[in-house]
Amino acid sequence: MPILSDYLGSKTEDTIRILDDLVRIQTSVPPGENYEKVIDYAAQKLKDLDFDIEKIFMPRELFEKKNPRLSHLRGDRVNLSAIKNTGAKKTLLINTHFDVVPASPNWSVPPFECTVKDGCIFGRGVADSKGGPAALFTVLLAMQELDIAPRYNLNIALTTDEEMGPYSGLCHLADLGKLKADYFLSMDGDSDDITIASNGNVDWQIDIFGKSYHSGSSFMGVNAIEKSIPVMNELMLLKEKVEMRRSKVPASMAVTQKTGIETLMPVLNINLMNAGVKQNIVPDRCTMKGDRRFVPEEKFEDIRNEFDSIMSNVRLKYPQIELKYSFDEIYAPMLTDMNHPWIKEVRNIASATAGRTVNLAGAQGSLDVAYAVKVTGLPACCFGIGRRTQSNAHADDENIKIDDLVMYTRFLATLMCG
Ligand SMILES: [Zn+2]
């Protein structure tokens with residue numbers, strides 16, 4: 001589509017203006033208070049382009065039931081479903097999220113507006129993930145101006161709460177049956193590689209109980225911190241075993257370049273400990289929390305059994321340790337067949353527009369896209385604008401290259417119009 005591609009070359013200023021509008025609507029979560037403002041902005045843009053618009057509020061009860069740890073967050077949880085039926089045979093689902101992580105005071109530029117400097121655009125969310133919608137709106141408008149129809153019906157899902165989860169707006173839209181399509185592109189990714197797989201995520205918690213006492217006579221109490229040491233040792237043995245495993249899915253370029261690790265791997269971490277009141281009090285409780293990331297080849301039931309058997313061992317070996325634990329799946333893993341024609345198509349177009357070979361890779365982290373894929377069964381992949389090691393997503397001075405933003409408009413144009 002050379003005409004559209006050339007035309008997009010003259011639209012960079014417009015794309016940056018839209019991106020600036022989006023960045024100025026503060027959608028940081030927590031708390032995520034301005035979702036309706038950003039959804040209204042996007043809804044107006046797509047309405048002007050003749051999409052059928054549906055603003056979808058996640059009911060408060062559902063939000064709190066599915067995200068019990070987020071019930072303190074105020075503000076409506078709003079999402080957008082926009083559909084354009086062109087009479088094409090197949091439907092393309094395009095998604096990303098509008099919520100962003102908060103900005104620290106250490107930015108060198110104002111975080112909630114776009115600053116253009118040294119060929120880059122700085123602002124919270126430019127890479128993760130407001131650049132995608134800005135590019136998409138520009139391409140759709142250009143298509144309208146040039147009277148070019150997409151070769152797919154379009155289902156655009158712009159959602160919120162991806163940065164909090166587990167039950168994000170995208171999960172809700174999946175459960176409502178709003179993600180009907182044949183192919184799925186998530187713009188929530190980077191341009192280093194095309195993400196076709198992700199690890200699943202489990203949150204675990206272990207509580208070890210003791211008996212509080214004056215520490216001068218600590219032998220009269222039971223020290224929950226000291227009792228947690230053999231439990232941690234068992235966990236470290238499990239960690240060693242788990243982290244020997246490797247998936248068949250290639251790791252992202254950034255991971256391989258930095259570490260030499262070539263494929264996805266599972267991990268087990270202890271990430272939080274809470275115990276003790278004061279130096280001279282025997283602690284009566286120690287709470288440990290962590291996560292277990294599992295590769296697409298591992299089954300949740302198997303890794304739960306593995307964890308259960310570690311805990312049974314602890315109980316056998318140390319019957320005097322009183323403990324309870326939980327092991328909850330937060331996100332399922334995702335794996336799309338690397339040989340699926342849709343994946344080949346995205347890869348060819350991404351490589352042609354980026355001017356280099358863009359590889360398929362798995363993400364060590366977990367995605368709400370995985371939930372949507374589990375519900376819909378769609379072939380899915382993620383490809384975005386930012387660069388993993390340079391864009392500072394979730395950090396200070398988040399930025400994207402202007403060239404990458406322009407590349408992305410051409411990528412979307414070719415994907416939608418051929
Ligand atoms: Zn994101």
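**Exercise 1. Work out how strand E9 fits into its sheet.**

Start with the pairing: strand E9 (residues 200-209) and E12 run antiparallel and are joined by 9 bridges. Strands here are DSSP runs of at least two residues, and helices are H or I runs of at least four, numbered from the N terminus. Two strands pair if DSSP finds at least two bridges between them. One of the bridge pairs takes Asn-201 to Tyr-331 in E12.

A word on the model: it is predicted, with local features needing pLDDT of at least 70 and side-chain atom pairs counting only at pLDDT 80 or more, while totals for chains, interfaces and linings use all residues. Residue numbers run from 1 along each chain as its sequence is written.

Now widen the view. The open sheet has 4 strands in the order E10-E11-E9-E12, with antiparallel pairing. Its edges are strand E10 (267-275) and strand E12 (322-331), each pairing on one side only. From one strand to the next, the twist averages 15°.

**Exercise 2. Describe how helix H7 packs.**

First, the sheet: H7 (residues 224-242) lies across E9, E10, strand E11 (285-294) and E12, at about 170° to E10. Axes are lines fitted to C-alpha atoms (for helices, over the stretch in contact), and angles run from 0 to 180 degrees between N-to-C directions.

Next, its helix partner. The axes of H7 and helix H9 (residues 300-317) come within 10 Å and cross at roughly 145°. The contact (C-beta atoms, placed from the backbone, within 7 Å) uses Pro-230, Val-231, Glu-234 and Leu-238 of H7, plus Ile-310, Asn-313 and Val-314 of H9.

**Exercise 3. Which elements supply the side of domain 1 that touches domain 2?**

Split the chain first: domain 1 is 2-198 + 333-417 and domain 2 is 202-331, with bounds from an automatic or database domain assignment. Their centres, taken over C-alpha atoms, are 35 Å apart. Across the boundary, 19 residues of domain 1 are in contact with 15 of domain 2. Strand E8 (193-198), strand E13 (334-335), strand E14 (359-363) and H11 each supply at least two residues on the domain 1 side. E14 gives the largest share, 5 residues.

**Exercise 4. Is Val-375 buried, partly exposed or exposed?**

Locate it: Val-375 lies in helix H11 (residues 368-376). Then count: Val-375 is partly exposed because 17 other C-beta atoms lie within 10 Å. The cut-offs are 20 or more for buried and 12 or fewer for exposed, with partly exposed in between and C-beta atoms placed from the backbone. Leaving aside neighbours within four places in sequence, Val-375 is in contact with Ala-174 and Asp-175.

Definitions and conventions
Two residues are in contact if their C-beta atoms, placed from the backbone, lie within 7 Å.
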